[in-house]
There are 2 protein chains.
Amino acid sequence: MRVSLKDVAEYAGVSIKTVSNVVNKYPHITPSTREKVQRAIDTLGYRPNLTARHLRKGRTGIIALAVPELGNPYFAELAGAVIDAAAAHDYTVLLDHTQGSRERELLVTQGFQAQVIDGLILNPLELETEDLAARTDSAPLVLIGERRYDLPHDHVAIDNIAAARAAVRHLLDLGRRRIAFLGARGDRPSQPSHLRLLGWQAELAARGVKADDGLVAPVDGWERADGAAAMAALLDAGERPDAVFAYNDLIAIGAMRVMSERGLRVPEDIAVVGFDDLTEGRYGAVTLTTVAPDKQAIARMAVESITGRLAGKDAGDGAATRQLQAGFTLVERESTRGRRPPG
Amino acid sequence: MRVSLKDVAEYAGVSIKTVSNVVNKYPHITPSTREKVQRAIDTLGYRPNLTARHLRKGRTGIIALAVPELGNPYFAELAGAVIDAAAAHDYTVLLDHTQGSRERELLVTQGFQAQVIDGLILNPLELETEDLAARTDSAPLVLIGERRYDLPHDHVAIDNIAAARAAVRHLLDLGRRRIAFLGARGDRPSQPSHLRLLGWQAELAARGVKADDGLVAPVDGWERADGAAAMAALLDAGERPDAVFAYNDLIAIGAMRVMSERGLRVPEDIAVVGFDDLTEGRYGAVTLTTVAPDKQAIARMAVESITGRLAGKDAGDGAATRQLQAGFTLVERESTRGRRPPG
DNA sequence: ACCCTTGTTTCCAACGTTATACAAGACGGA
DNA sequence: TCCGTCTTGTATAACGTTGGAAACAAGGGT
């Protein structure tokens, strides 16, 4: 049977509250009492019941993280970073994945494990503004990822337009001019909702290169298979780009597989830049040039947004919502630079 | 402010317990009362407070899952499967990673978020039998992964020896004879603790092929970089295997990168078999032949071991501990079969 | 000798829920 | 009519914790 404060109190011959005070490091306790209680705690092996504590205090010490898909290494790596960042604040992470379905995203925002979590970090894909506006749960919510909503919730992301421009600039600097964009939304390929697509357009425009609509390839999802399908479709349509900027590394990797199958060399025939800096991209036959978002910073900012709001709640401080920006770097590898000869 | 049973009770003009009865679908309630209460619940937007419920019932509905590293896609994919399996039983998953450190594994078993979790699924790497034996927390624990402990906890795994033998058999059937094993434990490379290494030995012995110690390459970890280092060390030592069986896909991928850098062709010069069936292995320049453990089955069995023990606890049923075995298949791809010519 | 302060401990109530015991009414059989 | 049984609802007491107020002791100033 579980040992409670009551058991310890009886054993030590003091009141329950005194034991509680010792456990919570209340300052005004005589050393002798403290020692007596501590000994009782140790002998009985007392461990506080967090459920009861949380019922009393109204906090659980648990943050939920909802990402689209753990099978995508970017989200897996991000989840790892969030777990570490949360641990630094004595929080534990409850994880869920939405599989990119609007319905599941909605479910999560509406009150996933209501009452059990102190806050929610969500990376939405399909969610619409009105879905979020209808949210009733009062736990702090922080959004991460590319999509932006005009709503009173903190948002953590990198500057996607600047990052995309840096990627495209790199390709332009290498002399490439027919730069395809792989990963437009399938349902509205021409009217972009992507910041990354906007960045592609902006950089091309700034350099006076025509943005050819035929070089924008839509995808049905964000996996390797979708990248492969998009690349195949592009080539089948007779397009012959000399570079590809992919929405993310998985799409780039799928695309590179198709190039390899069709005898196209990377980077000689087609240079490739991805996005996310997956470890996977460092070990292919051709290593992948990519935009590397600072995942640790994203995780840290998201966690601290939650903890900050929780602290602010106590203080009655209705802090304004913020757009938090994490850094990124462009990592140049073989898919744009070529491989150095062996030896 | 949060609405509680009390508020609903006042609004509906009944007692708190009656509302509770309605919420919990207690059968003996007159339709009129039920409807009245239900209307009150709907108008006030009542949502049960799980913390309080769990304090009362002694169950939280949360299962913890501790894996070594989320950055390893195998564990990420497995975590996804566990989340789904748990959801099927109305459980939520709290996730932690141990980073393969014995200390963190110990911490997790000792009482990670004590009292908040109903059960723990742990994939140990470094933990020793005595660590687990010293565990005091009473929540059910189920172990997954290759390592076996002689302890009263359920264990879920595939038949690693049989799986390894199937992989080696495949290579032997292709006519390979100098089959390296990549991924022995660095601290004791010759005295194997690996079931997979045992399987390699067993199959070679069964076919009368000498198991050359020089072909067993130790690793410091289980990542791509470790596979690359091990392969480089093997080649630098002057060994020239005609096939490689890697402890897992990441090691295989790291090794293949080194082969590619040194101008060795896969599978013509060296055939490669991995283990885990990561999606990543399907999209390299050379797709990877691999042993595919049934992750869904592993996740399901682990979750059901926990839920079963929780149910048994109520019944006072001290069920015997079990060794649960999930299935596997050998997936043949280009790294052993070669690529079909384009077109 | 008395009051006030300061430090230490105890008592009580509450967090929101469910289990247990019980009360009130309805119903059927003798 | 009376009693036992069944149905439906209520009152009360937990679950283990903490916050606040009250109680108690000891010491210092008047």
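**Exercise 1. Determine how the radius of gyration of chain A stands against that of a compact globule of 343 residues.**

Solution. The radius of gyration is taken over C-alpha atoms, and the globule rule is 2.2 Å times the number of residues to the power 0.38. For 343 residues the rule gives a value near 20 Å, whereas chain A has 26 Å. As a further step, the box filled by the C-alpha atoms of chain A is roughly 85 × 55 × 35 Å along the principal axes.

The model is predicted: local features need pLDDT of at least 70, side-chain atom pairs count only at pLDDT 80 or more, and totals for chains, interfaces and linings use all residues. Residues are numbered from 1 along each chain as its sequence is written, chains are lettered from A and ligands numbered from 1 in the order in which they are written, and side-chain values use heavy atoms, with hydrogens and water left out.

**Exercise 2. Characterise chain A by its secondary structure, burial, contacts, surface and charge.**

Solution.
1. Chain A holds 13 helices and 12 strands; these are DSSP runs (helices H or I, at least four residues; strands E, at least two), numbered from the N terminus.
2. Buried residues make up 55% of the 343 in chain A, where buried means under 20% relative accessible area, exposed over 50% and partly exposed in between (1.4 Å probe, protein chains only).
3. Contact means heavy atoms within 4.5 Å. Of the contacts in chain A between residues at least 6 apart in sequence, 69% join residues at least 24 apart.
4. The exposed area of chain A is about 14700 Å², and 49% of it comes from carbon and sulfur atoms; areas follow the Shrake-Rupley method with a 1.4 Å probe, and for residues only the protein chains shown count as cover.
5. Chain A carries 42 positive and 45 negative side chains, the centres of the two sets lying 6 Å apart. Lys and Arg count as positive and Asp and Glu as negative, while His and the chain ends are not counted; each charge is placed at NZ of Lys, CZ of Arg, CG of Asp or CD of Glu.

**Exercise 3. Identify the operation that superposes chain B on chain A.**

Solution. Superposition is by least squares on the C-alpha atoms of residues with pLDDT of at least 70 in both copies. A rotation of 180 degrees with 0.0 Å of shift along its axis brings chain B onto chain A, with an RMSD of 0.1 Å. This is therefore the relation of a two-fold axis. In chain B, the C-alpha nearest the axis belongs to B:Leu94, at 2.1 Å. Both copies use the same surface, as 100% of the contact residues of chain B recur in chain A.

**Exercise 4. Describe the surroundings of helix H2 (residues 16-23) of chain A.**

Solution. The buried residues of this helix are A:Val19, A:Ser20, A:Asn21 and A:Val22. They pack against helix H1 (5-12) and helix H3 (31-44) of chain A. Just after H2(A), A:Lys25 adopts a positive phi of about 60 degrees.

**Exercise 5. Locate A:Gly80 and B:Glu334, and list their contacts beyond four places in sequence.**

Solution.
1. A:Gly80 lies in helix H5 (residues 73-87) of chain A. A:Gly80 is buried, because its relative accessible area is 6%.
2. Beyond four places in sequence, A:Gly80 is in contact with B:Leu70 and B:His97.
3. B:Glu334 belongs to helix H13 (residues 334-337) of chain B and is buried at 11% relative accessible area.
4. With residues up to four places away left out, B:Glu334 touches A:Arg257, B:Pro267, B:Ala285, B:Val286, B:Thr287, B:Thr289 and B:Arg339.
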